[in-house]
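I opened this entry to record what I looked up in the structure. The notes begin with the overall fold and then turn to the ligand.

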Amino acid sequence: MTRGQTIAAYCRGCIADPAAPGTWREQVAVCSAPSCELWKWRPLPAHAPAWLRSRDPADLPAGWARLHQEVAVRGLRAKIAGKAANTPETGPSPTPSAAGNAEVRP
Ligand code: SF4
């Protein structure tokens, strides 16, 4: 098993939930724990936006860490599909809702 395969298997076991929206790779990609030692090496889906591919927490949109996984996966899919209204460099723009959670603007 390669290093990449080992990390992918570990991340998948850590965060993937078959009952939650998104593929395991999408769920890993939106992991909101950049302090994890594996975060910079976690697998990403093909065509992941630049702000994820950089693997630099400073490139994440404001509020990213507070997004519910389902919202983050939806934002990631929209970005990959080119449907997000924001620039490729800034990614989705999470905005706090009245409940204090963050959501991705369509
Ligand atoms: S990077 Fe995220 S998914 Fe991977 S092991 Fe760390 S916390 Fe879990």
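**Fold, ligand shell and Cys-31**

Reading along the sequence, I noted the pattern α-α-α-α-β-β, with helices (H or I, at least four residues) and strands (E, at least two) taken as DSSP runs numbered from the N terminus. The model is a predicted one, in which local features need pLDDT of at least 70 and side-chain atom pairs count only at pLDDT 80 or more, while totals for chains, interfaces and linings use all residues. Residues are numbered from 1 along each chain as its sequence is written.

I then looked up burial, and found that buried residues (20 or more other C-beta atoms within 10 Å of their own; exposed means 12 or fewer, partly exposed in between, with C-beta atoms placed from the backbone) make up 25% of the 106 residues.

Next I listed the shell around the ligand, counting a residue as near if its C-beta atom, placed from the backbone, lies within 6 Å; among its members are Tyr-10, Cys-11, Cys-14, Cys-31, Cys-36 and Arg-42. Helix H1 (residues 3–15) gives the largest share of this shell, four residues. By class I recorded 10 nonpolar, no polar and one charged residues, with Ala, Val, Leu, Ile, Met, Phe, Trp, Tyr, Cys and Pro as nonpolar, Asp, Glu, Lys and Arg as charged, and the others, Gly among them, as polar.

Finally I followed Cys-31, which sits in the loop between helix H2 (24–29) and helix H3 (50–53). Cys-31 counts as partly exposed because it has 17 C-beta neighbours inside 10 Å. Leaving aside neighbours within four places in sequence, Cys-31 is in contact (C-beta atoms, placed from the backbone, within 7 Å) with Ile-15, Trp-39 and Arg-42.

Terms used. Contact = placed C-beta atoms within 7 Å.
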